[in-house]
Amino acid sequence: MAGTSIGAYCALQLREAGFEAVLGPEEEERGSGDGAVEVSMHDFSPEAAVWLADYGPGECELRNAEGCFLAGKGAPGVRRSSLKRNMAVERLVYPWDLLDWQERVMRGMEGDGGFIKDGAHVMGTLRLGRDSAVLPGVVVEGCVWVGDGCRIGPNCYLRGYVSLGDGCVVGQGVELKNCIVGDGTFISHLSYAGDSIIGNDVNFGAGTVCSNFRHDGAEQRMMAGGRLVETGRNKLGAVIGDHVRLGANTVVLPGRVVSPGTWTMPGEIFR
C-alpha cells in the first residue's frame, strides 16, 4: 500500500467490507450501478461532519462542489446496487459516527517508511505521505496516517486513530487523540484535541484545547438537527468547520460544533 493515498486506502477497505459504494437518488431510481461514487473517509469527513450536525432525520443529501454525491440520509436499511450485487449500505447519521468509521477502516493498516528523524518513537503504525517529516520527540501510539507535505513535531504525541490531510502542521507540545484533520490545518503549539473532527484550513492558537470528557463522566451530547442528541459516547470533542481561527488559549467544551469561518478571541471559552 506504499504510496497509496488515505482516500484510496479507505475506499479499498470499505469496498471489501461491502458498504462504500453509494449512489445518489437519481441513480437509485434507475436501478443502475453506473455513476457510483466511492465515499472515502478522507474526502468525506470534515465537510460531511458539519453537514450531518446541521441536519436532523429525514431524506436529504450532500454533494461536493462538482456535484458528486458524498452522503445521504434516509430510512435505515436502504439497499444500493454495488459491485454487481445488492448489499446493505452502512449509513453514517451523526458526526461522531465518522470517528468509529475511521477506527474500523484504519485498524490493522500497515506502516511504511518516510522521513523520521532520530529521537522519534513509533510504538504503533505510522504512514507518511510524500515530503512529510516527523521530527525528534514525536511519540506515536496507535494508527496514524499523515498526508503529503506535513510537519509533525518536535515533541508531540499522537495516539489512538489519527488521520491528517495534506499540508498540516502538528507542532511543539501538541497532543491529538482519535482525530480526523483536514488539509492545511495548523495545530502548532501546546494544544490538545481529543475525539474531534477538524476541517480544512483551521488554525489553533497556542494553548488551544478541545476537551472531550465531562468531570462527571456522563454521556456526551451534541447538537444535531436543532436539538441535543445523546451520542452514546463518554468521550467526544468538537466538530470544527473549515477556515476556523481559534485564538490562543481557547477552550472548546466537549460535544460542540464550531461553524465554518468562526473566529474566537484569545482565552475564550466556546460553549
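This tour moves along the chain of a predicted model, with a suggestion at each stop for what to select and a note on what is there.

Begin by selecting G153 and P154, and display the backbone of the pair: the peptide bond from G153 to P154 is cis, with omega near 5°. To place P154 in its surroundings, add strand 12 (151–152) and strand 13 (157–164) to the selection, since the loop between these two strands is where P154 lies.

Next, select L190, which is not a glycine and yet has a positive phi of about 55°. Showing strand 16 (186–189) together with strand 17 (192–194) frames the loop that holds L190. With the solvent-accessible surface switched on, L190 counts as exposed, because its relative accessibility is 54% and the cut-off for exposed is over 50%.

Continue to D201, another stop for backbone torsions, where phi is near 55°, a positive value in a residue other than glycine. The loop in question runs between strand 18 (197–198) and strand 19 (203–204). D201 is partly exposed, because its relative accessible area of 29% falls between the 20% and 50% limits.

Finally, select strand 21 (residues 221–224) and colour its side chains by face: M222 and A224 belong to the covered face, whereas R221 and M223 belong to the uncovered one. In a regular strand, side chains alternate between the two faces of the sheet. Then add strand 22 (residues 227–230), which pairs with strand 21 in the antiparallel sense over four bridges. To look at one bridge in detail, keep A224 selected and add R227, its bridge partner in strand 22.

Conventions. Residues numbered from 1 in each chain as written. Predicted model: local features only at pLDDT ≥ 70, side-chain atom pairs only at ≥ 80, totals over all residues. Heavy atoms only, no water. Buried < 20%, exposed > 50% of the residue type's maximum accessible area, 1.4 Å probe, protein only. Pairing = 2+ DSSP bridges.
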